[in-house]
Amino acid sequence: MAQVGFLDNLLREYLVFRGFSSTLKALDVEQRTEKDQHFRAERILEQFNIAVQTSDLQGLRSLWFHLDNNMFSKLEHTYAVAVKKLENSLLKYYLVTAYSSSRSEKVSEFFNKLAGDLQQQSEWKDWFYFPFCKNAEESPAFALFFTKQWQDTLLLSLRNFLTTVYQCLPQPTFVRAEQEAAHMQRLSEDNAGLRTRVLNLQQELHQVTQHQSGSVAAGASGSSLGGGTDNGARRRSVYRQQQSLSDILPFDISPPGHIVDDFCIIASEANSVSQASDAQARSLKQLIRNIGSGSSPVMGRKEQTASSLGEKSSKRRSGSVGRSWI
């Protein structure tokens, strides 16, 4: 990475400025021996292996705590079980190697220092018998950890885990310094360009408003000189636009009569019609009654006319007899 080389030079200048000559020499030596300009899991794995082979319990734990605080603690919670399993396996590898090297004092030192932490874990319950076990490599509880296959598998798993963790970790802030500076510079340039664009738009808007106001003023002066109906119509339209609802007067229209009067008229008409129908019904009933009783007005009139005619004829006969007799 180009950023790493640039930051190495900055770090070297800082060490020279502070007078850290021994640190600067160590940095130069490690840069010469390093083939790749990036982190390598083999180097950390080599440090673990050296601490195990020399029975350096303090160095082993300090290196593990350094990785746990700076790398493993930034992982998701799902990796916590794998991290704990690798730590316990690395400690068991330390015990097996010390026992195989006949360093019983290192085994006793291990349990004296870590007994308080290990007794809380169930998988270490059988291992407290390990310092007192003779021929532990033949014991069913510890024979697996003495095999070369298990030890090689542990180192390979640790190497793969460290490589994967390093690839997933974000870059340090010190490495991202140049990228952050370039990003801030780009944001500043974009901000300046946007400000210039806003100013240009404001100027164009101001010019457009001035042009519109000038055209309106010219049109108003021309209409005042020309006069006529157009001017009056424009004024009326302006007045109409400026007129509010409070200025509108209602028409003087007398309110209509009460709606109950119509219903009263309809009711009176209905009463007269009902009275006429009742009179007709009574006359029909009287007529039918007269017909049924034999006293029909028509028959009565016929009988009266017949009786009057008989009287007249009798008077005529009597008269004629007298006249003729005389």
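**Figure 1. Ser89 sits in helix H5, residues 80–100.** Helices here are DSSP runs of H or I with at least four residues; strands are runs of E with at least two; both are numbered from the N terminus. The model is predicted: local features need pLDDT of at least 70, side-chain atom pairs count only at pLDDT 80 or more, and totals for chains, interfaces and linings use all residues. Residue numbers start from 1 along each chain as its sequence is written, and side-chain values use heavy atoms, with hydrogens and water left out. Ser89 has a relative accessible area of 15%, so this residue counts as buried. The classes are buried (under 20% relative accessible area), exposed (over 50%) and partly exposed (in between), with a 1.4 Å probe and protein chains only. Beyond its neighbours within four places in sequence, Ser89 contacts Trp150 and Leu154. A contact means heavy atoms within 4.5 Å.

**Figure 2. Lys92, also placed in H5, contacts Glu123 and several aromatic residues, among them Trp124.** What is the relative accessibility of Lys92? The value is 7%, so Lys92 counts as buried. The side chain of Lys92 meets the side chain of Glu123 in a polar contact of 3.0 Å. Such a contact is a pair of N or O atoms within 3.5 Å; within protein, one atom must be able to donate a hydrogen and the other to accept it, and residues adjacent in sequence count only if both atoms are side-chain atoms. Setting aside neighbours within four places in sequence, the contact list of Lys92 reads Glu123, Trp124, Trp127, Phe145 and Trp150.

**Figure 3. A salt bridge joins Arg12 and Asp28.** The rule asks for a side-chain nitrogen of Lys or Arg within 4 Å of a carboxyl oxygen of Asp or Glu. Here the closest N and O atoms are 3.3 Å apart. The pair links distant parts of the chain: Arg12 belongs to helix H1 (residues 2–18) and Asp28 to helix H2 (residues 21–33), 16 residues apart. Arg12 is partly exposed at 23% relative accessibility. Asp28 is partly exposed too, at 21%. Side chains of opposite charge can pair when their charged atoms come close. How many salt bridges does the rule give? The count is seven.

**Figure 4. Lys84 and Glu87 form a salt bridge within helix H5.** The N to O distance is 3.7 Å. The two residues are three apart in H5, so about one helical turn separates them. Their exposure classes: Lys84 is partly exposed at 37%, and Glu87 is buried at 14%.

**Figure 5. Asp152 pairs with Lys148 in a salt bridge.** The closest N and O atoms lie 3.5 Å apart. Both residues belong to helix H7 (residues 148–168); because they are four residues apart, about one helical turn separates them. Asp152 is partly exposed at 39% relative accessible area, whereas Lys148 is exposed at 60%. Elsewhere, salt bridges that share partners join Lys106, Glu109 and Lys113 into one network.

**Figure 6. The largest nonpolar core has 43 residues.** A nonpolar core is a set of buried Ala, Val, Leu, Ile, Met, Phe, Trp, Tyr and Cys residues joined through side-chain atoms within 4.5 Å. Which residues make the most contacts inside the core? They are Phe48, Phe72, Phe110, Trp127 and Phe130. Helices H3 (41–53), H4 (57–70), H5, H6 (104–118) and H7 each supply at least two core residues. H5 gives the largest share, nine residues. Not counting residues up to four places away in sequence, Phe110 touches Leu57, Leu91, Tyr94, Leu95, Ala115, Leu118 and Trp124.

**Figure 7. Leu11, Tyr14 and Phe20 make a nonpolar surface patch of about 250 Å².** Patches use residues with over 30% relative accessible area and no salt bridge; like charges are joined within 9 Å, and nonpolar side chains (Val, Leu, Ile, Met, Phe, Trp, Tyr) within 5 Å. Phe20 lies in the loop between H1 and H2 and is partly exposed at 34%.

**Figure 8. The whole protein has 11 helices and zero strands.** Of its 326 residues, 20% count as buried. Among contacts between residues at least 6 apart in sequence, 57% join residues at least 24 apart. The protein exposes about 25000 Å², and carbon and sulfur atoms supply 57% of that area. Accessible areas come from the Shrake-Rupley method with a 1.4 Å probe; for residues, only the protein chains shown count as cover.
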